[in-house]
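Thank you all for making the time this morning. I would like to walk you through one model, going from a single residue out to the domains, the cores and the contact between the chains.

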Amino acid sequence: MGKIGIIAGREFNERVRKKSFIFTTILMPICLVAIMFIPALMMNISSDEKKEVLVVDQSGLVGDRLQDDSTLTFTLSDQTAEEVVGQQHEGLFGILIVGSDVLTNPSNVQLLTYESSTINIESSIAGQISTILESEKLKEYNIEDIDTILAAIKTNVSLKVKQLDATSGDTKESSSVLNIALAYIFGFLIYMFVFLYGNMVMQGVIEEKSNKVMEVMVSSVRPFELMMGKILGIASVAVTQFVIWVIFILLVGGGAVSLLGLSDVVASAGAGVDPAAIAAAAPIDLDSEMVAIIATLTDPAYLLRILGGFLIYFIGGYLLYAAMFAAVGSAVDNEKDTNNLQLPITLPLMVALFVMLNAMQDPHGPLAFWCSMIPFTSPIVMMVRLPYGVPGWELALSIGLLVVTFVGMVYLAGRIYRVGVFMYGKKPSFKELAKWIRYR
Amino acid sequence: MKELIRVENVTKQFAGHKALDDVSLTIPEGGVYGLLGPNGAGKTTLIRIINRITAPDSGRVWFDGHPLAATDVPNIGYLPEERGLYKTMKVGEQALYFAQLKGLSRAEATRRLKQWFVKFGIESWWNKKVSELSKGMAQKVQFIVTVLHEPRLLIFDEPFSGFDPINANLLKQEIMALKEKGATVIFSTHNMSSVEEVCDHITLINKSKNILSGSLDEIRRSHGGNIFEVDFRGSAEELKGALASAPCTILDSSASDDEALQGAKPAGLKLHIPHDEDVRHIVELINNNTQLRSFHEVIPSMNDIFIRAVAGEL
C-alpha cells in the first residue's frame, strides 16, 4: 500500500502542478456560467434589431390589429399585393398577404420573406392572426361586453409543487426545474469526468510504456501497484478539481444571495418557513418556482444526497472505467492503436448518456431503473435519478453492484496490464487480451 | 565459491518462437558476470525472468539458495537497455521518487543522491527537466537510480551504450567499486572489449541456448589456438632453418631478415605448437639461435571467441 501511495502522490503532484490543470479548473466554471448567460445576452442583442413586415390586408380585419412584438414590426400597406410584390423594398423582412376570405378560409394567408424565416416568427404571426380571427368570430355571436369578458377570463396558472412523504405526510418544496437541471449537470459531469480522467489514465500508461519507465520500475514495484497508484492518483486530481468547483460555486452563490439581499430569504427557507411568507419577505419578486429552488438548495439532506451520490458514483464509475482504460493503454504501443480496443469503454458510456436523456423525462421508468442497476451505466443514470429521490434499497443494490464490478474489473485489468506493459510491437486483439488474463 | 543465482533448465516460449531453450547457469556471489550473445539471443528474456517480470514456462531460478521469490526483487537493481525516465519531471525529484519506491526514506535518499551527484559532478542538474538532458546525461541519472539502494544483485543491460570514452570509464570504475563492496553484477552486452576489462565469469547465449559458460580466463585459455608469439634479435632465416625440423609450424614473421640483423628492432614470429608438444624444447632451440626477448601464448580476444562461437566453430 505504501508504494501505491508514493505512486499516487507523484501522479497527483505532477498533474495538479501542470498549467493545464490550473487553467481548466479556473476556466471550467467561467465557461459554464458563460454557456448559461451568453444565449440570454444574445437574445437581448438580437431583439434590438426588429424585422419589418409589410402587411397587405385584403380582408380589412387583421391588418390594423397586428401588434408589434419584440422581434417584429408590422406596417400596413394600402397598395395591392401585386403592386407591393413588384416594388423594391429596402431592409424589409417580408410581406404578409391576408386574403379577403380569411375568416372562412384561414389558410388564405401568405408570408413572403426576403430572408429565411424562423419557426418563432411564423408561430408568432400565425398566433396573432388566430387570436384576431377567434375574437372576430366570437363577436358574431353578439355577446354583450365581449371585450371585458375576454379580458376578465384571461388567467395564468402557476403550479406550486410539493413532494409528499408517503409515511410521515410531511411536504417538501419540490422544483422540477431544479431537478432536471441538477440531473443534467451531475449526470453529464460524471460522463465527462469518467471520460476525461479515464483517458488521462490511458495516456499515462502509454507514456510510461513508450518511455520504458516501466522497465526501470519493475525491480521496485509490481505492475499492479503501478496501475493502482496511477488510477488512484488521478482520481484524487479529479476529486480536488470537483471540490474546488464546489467551493467556487458556493462562493459565487453566496455572493449572489447577499448581492440581491436574499440572505434572510435563504435563512428562513433553510429553517422551513412557509414559502408564501418567504416570497413576501423577499426584496425582489420571486415566483413560487424560485422559492422552491431556494428551499430545496438550502435543504442539507438534499444536498448531501446529491453531492454524496456524486462522489460515490464518480469514484465507482471512474475506478471501473479507469481500470479498463489502463488495460487498453497497457496493450498498445501508441495512442493510434487504441481505437478499436476503446469500443467496449466508449459504447456503454454513450448508451448511458442517451439513457440519461430519457431518464430525465421518466426517472422511475423501467429503462432508467435497469440502467441505474447495471454498473456500466449506473454512475450516470443513477445521478439523473437521484434528485427525484430513489428508494434506499435501489441505491444500496446499485452501489453494491458497482463495487463488486469494479473490484472484478481492477483484477482483470491488472492481469492484462502486467503482461501488456512488456509487449511491444504487437497490435493486440480482444482474443489476445483474453489470453493475457490467463497467463501465469 | 558461493552462488547467488542458479538458473536450472529454464525454457520460455513466446508465440511462435522459443526465447530460452533449456538454459542453465550459475552466477557466483561477488564479481561481474557477463551475459553475452548476439541481438535477439534471449538475454533480455533471461534477465526478465531473474527480475520476476515474466515467469519461465519450465525450469527454476534460485536466489541465494532458495527459490527466487517476490521478496528477493528489492535486492535487485536493474538498469534496462532502454532507458526509462519521465521526460517532464525534474531530475532530482525523479531520482527521489524512484529511490522512495525502492524503500529508501526521503531523507536517506536525498543524502545518498547528493553524494552520487557530487561524485558524478552533476549537482547542477537537480532542477533540470529530463527532457533537457542528453542521452548520456540521462543515463548517468539512470545509473545512480539503479545502484542507489545498494542491492546485492545489479543487472546492467548494455550500460556503456551512448557514453563517451571518458564517461564510460567513469562508469566502469563505479561498477568495479560496487564489485569491491561485494555486489554481484550481471553485465549484459555485446561489446567484447568491455567484457575483457570487467567480467570474471561469462555465459554466451546464442539462439536461445547457453553455448559457453565459465570463468573468463579459463575460457580464453582453453580457446587459445596453441599459438605462440616469439620476439627476438637475430636472423629470422636462421631461426626458421633451426625450427624446420622441430614439431611446430611457422605461421608468419613480421620483420625482414635485414632489420632483425641490424638490431634496429626485434623480429617477431608466430608459431603453432600442437597441444601435446613440449614447449621447452622449442624455446631452447630459439634461445640457441637468437637473442630471445619474449615468448608467450597468444590468448584469443573475447571478440574472436564470440564470433567463432556464434558461427558454430567452437
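**Starting from one residue**

Asp147(A) counts as exposed because 11 other C-beta atoms lie within 10 Å of its own, and the cut-off for an exposed residue is 12 or fewer. Please keep in mind throughout that this is a predicted model. Asp147(A) sits in helix α5 of chain A, which covers residues 146-153. If you look for Ile293(A), which is 146 residues away from Asp147(A) along the chain, you will find that the C-alpha atoms of the two are separated by 38 Å.

Let me step back to the domains of chain A. The assignment gives a domain 1 made of two segments, 2-38 and 175-438, together with a domain 2 that runs over 51-153. Taken over C-alpha atoms, the centres of domain 1 and domain 2 of chain A are 53 Å apart.

Now to the interior, where you may ask which residues have the most contacts inside the largest nonpolar core. They are Ile231(A), Ala323(A) and Ala326(A), in a core that has 140 residues. The element that gives the most to this core is helix α12 of chain A, residues 300-331, with 15 residues. Apart from this core lies another one, of 15 residues, including Val62(A), Leu66(A), Ile97(A) and Ile132(A). Coming back to Ala326(A), and leaving aside residues up to four places away in sequence, its contacts include Val201(A), Met202(A), Val205(A) and Met227(A), and also Ile231(A), Ala413(A) and Tyr417(A). Lys230(A) is a further residue that Ala326(A) touches.

Let us turn to where the two chains meet. Here 17 residues of chain A are in contact with 22 residues of chain B. On the chain A side, the elements that give two or more residues are α1 (2-16) and α7 (213-217), and of the elements on that side α7(A) gives the most, with five residues. By character, the residues on this side of chain A divide into eight nonpolar, three polar and six charged.

Finally, chain B itself. Four of its strands form an open sheet in the order β2-β1-β4-β5, with antiparallel pairing, and the edge strands, each pairing on one side only, are β2 (17-28) and β5 (66-67) of chain B. Strand β1 of chain B, residues 3-14, pairs with β2(B) in the antiparallel sense over eight bridges, and if you want one position to look at on screen, Gln13(B) stands opposite Lys18(B) in β2(B).

Conventions
Residues numbered from 1 in each chain as written. Chains lettered and ligands numbered in written order. Predicted model: local features only at pLDDT ≥ 70, side-chain atom pairs only at ≥ 80, totals over all residues. Core = buried A, V, L, I, M, F, W, Y, C linked by C-beta atoms within 7 Å. Buried ≥ 20, exposed ≤ 12 C-beta atoms within 10 Å, placed from the backbone. Contact = placed C-beta atoms within 7 Å. Nonpolar A, V, L, I, M, F, W, Y, C, P; charged D, E, K, R; others polar. Pairing = 2+ DSSP bridges. Domains from an automatic or database assignment.
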